[in-house]
Amino acid sequence: MTQNNDRREELLALYADLRVADVRDGMDWMMRHHYGSMVPEIRPLWRTRAVGIARTARYLPYRGEVPKMTPEEYTEWSGWYYGNVCTYPWIAAIEKGDFCVIDQSGVNAGLMGSNNAMDGLINGATGYVTNGGVRDTDEVILQKVPFWSRMISQGMVQGRLQFDAFDIPVEVGGVLVHPGDVVVADGDGVIVVPQDIAFDVAKYARREMEGDKASRRQKY
C-alpha cells in the first residue's frame, strides 16, 4: 500500500461517520464537482455503509475457448481454471481497513459470492464494489457482507473472466481509483476520494454534516 499505518488509521477515523452525501459536498468544496461519485448503476446489495482504503484488482474478459468436455472433465477443468486463469491473489494481500475495488470489465459473472467474500472480510476488508456482478446474494446479505455492484449475476467465472493485476489504478463506475484512495459507500452509492486531498475533503465534509445535524435537530 502507499500509506503508512498512522496515516491510514487517521483517514479511517476521519471518514468513519461521514455519509456519502457529506463526502460529495466535501469534494465539491475542493472543486471536484465532476469526480469521485460512481455512476448510479453501482448500487448496494443491501442497505448498509462502509468506509475503507482502496485495495484494487482488475479482471478481463476471458479470450480463450471452453473445450467440449464431459461433466466429469469439466469438474477437473474448473479446478484448473480457478488455479491458473481466474485467480484471487489480492485476497491474501488484504489489510485491515481495506475496501476492495474490483474492475471486472463489466462482465456479467459472479466473481465474488458468499464464500470468497467472507475470505476478504476475515482478512480485514470493510466492503466490496465492482462494475460487474455478485452472486449468492441471499447468503451475502444474510452474512452481512457490505457489497455494491452494477448487477447481480448467476454464472461462475469459468470461461468468462481472467485475472489481470492488483494494486493498480482501475476504473470502476466511471471513477479512476488508485490504491490508497478513500472509499465511502452507503445507500446513496459509492464515492472515491483521492488520497492527496483526503484530509481537506474530510474537513469540509464534516462541516457540512455538522451543519445538517444542527438544522435537523431543530426540526426534530
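Here are some questions and answers about this predicted model.

User: Let's start with the whole chain: how many helices and strands does it have?
Analyst: Happy to begin there. The chain spans about 70 × 35 × 30 Å along the principal axes of its C-alpha trace. Its count of elements is seven helices and 11 strands.

User: What is the radius of gyration of the chain, and what does the globule rule give for 220 residues?
Analyst: The globule rule gives 17 Å for 220 residues, and the chain comes close to that, so it is as compact as a globular protein of that length. Buried residues make up 50% of the 220 residues. The radius of gyration of the chain itself is 18 Å.

User: Among contacts between residues at least 6 apart in sequence, what percentage join residues at least 24 apart?
Analyst: A contact here means heavy atoms within 4.5 Å. Taking the contacts between residues at least 6 apart in sequence, the share that joins residues at least 24 apart is 79%.

User: And the surface and charges: how far apart do the centres of the positive and negative side chains lie?
Analyst: The chain exposes about 10,800 Å², with carbon and sulfur atoms supplying 52% of it. It carries 24 positive and 30 negative side chains. The centres of these two sets are separated by 6 Å.

User: Why can the buried residues of H5 be said to line one face of the helix?
Analyst: Helix H5 covers residues 116–123, and its buried residues are Asn116, Ala117 and Gly120. Looking down the axis of H5, these buried residues fall within an arc of a limited angle, so they line one face. That arc is 115°.

User: Which elements do the buried residues of H5 pack against?
Analyst: Just after H5, glycine 124 takes a positive phi of about 120°. As for the buried residues of H5 themselves, their packing partners are helix H4 (89–93), strand E4 (110–112) and strand E5 (127–134).

User: Is valine 134 buried or exposed?
Analyst: Valine 134 lies in strand E5. Leaving out residues up to four places away in sequence, it touches Leu45, Gly110, Met112, Val140, Phe147, Ser149, Met151, Ile152 and Ser153. Its relative accessibility is 0%, and the cut-off for buried is under 20%, so valine 134 counts as buried.

User: How far apart in space are valine 134 and methionine 156?
Analyst: In sequence, valine 134 and methionine 156 are 22 residues apart. From C-alpha to C-alpha, the distance is 9.6 Å.

User: Is arginine 24 buried or exposed?
Analyst: Arginine 24 is found in helix H2. Its contacts beyond four places in sequence are Arg32, His33, Tyr35, Gly36, Ser37 and Ile191. With a relative accessibility of 16%, arginine 24 counts as buried.

User: What is the phi of methionine 31, and where is the residue found?
Analyst: Most residues other than glycine have a negative phi. Methionine 31 has a positive one, near 65°. At 61% relative accessibility this residue counts as exposed. Its place is the loop between helix H2 (20–29) and strand E1 (43–44).

User: Where does aspartate 167 lie, and what is its phi?
Analyst: Aspartate 167 lies in the loop between strand E7 (161–166) and strand E8 (170–172). It is partly exposed, with a relative accessible area of 29%. Its phi is positive in a residue other than glycine, with a value near 55°.

Key:
Residues are numbered from 1 along each chain as its sequence is written. This is a predicted model: local features need pLDDT of at least 70, side-chain atom pairs count only at pLDDT 80 or more; totals for chains, interfaces and linings use all residues. Side-chain values use heavy atoms; hydrogens and water are left out. Buried means under 20% relative accessible area, exposed over 50%, partly exposed in between (1.4 Å probe, protein chains only). Helices (H or I, at least four residues) and strands (E, at least two) are DSSP runs, numbered from the N terminus. The arc is that of the directions from the helix axis to the C-beta atoms. The radius of gyration is taken over C-alpha atoms; the globule rule is 2.2 Å times the number of residues to the power 0.38. Accessible areas come from the Shrake-Rupley method with a 1.4 Å probe; for residues, only the protein chains shown count as cover. Lys and Arg count as positive and Asp and Glu as negative; His and the chain ends are not counted. The place of a charge is taken as NZ of Lys, CZ of Arg, CG of Asp or CD of Glu.
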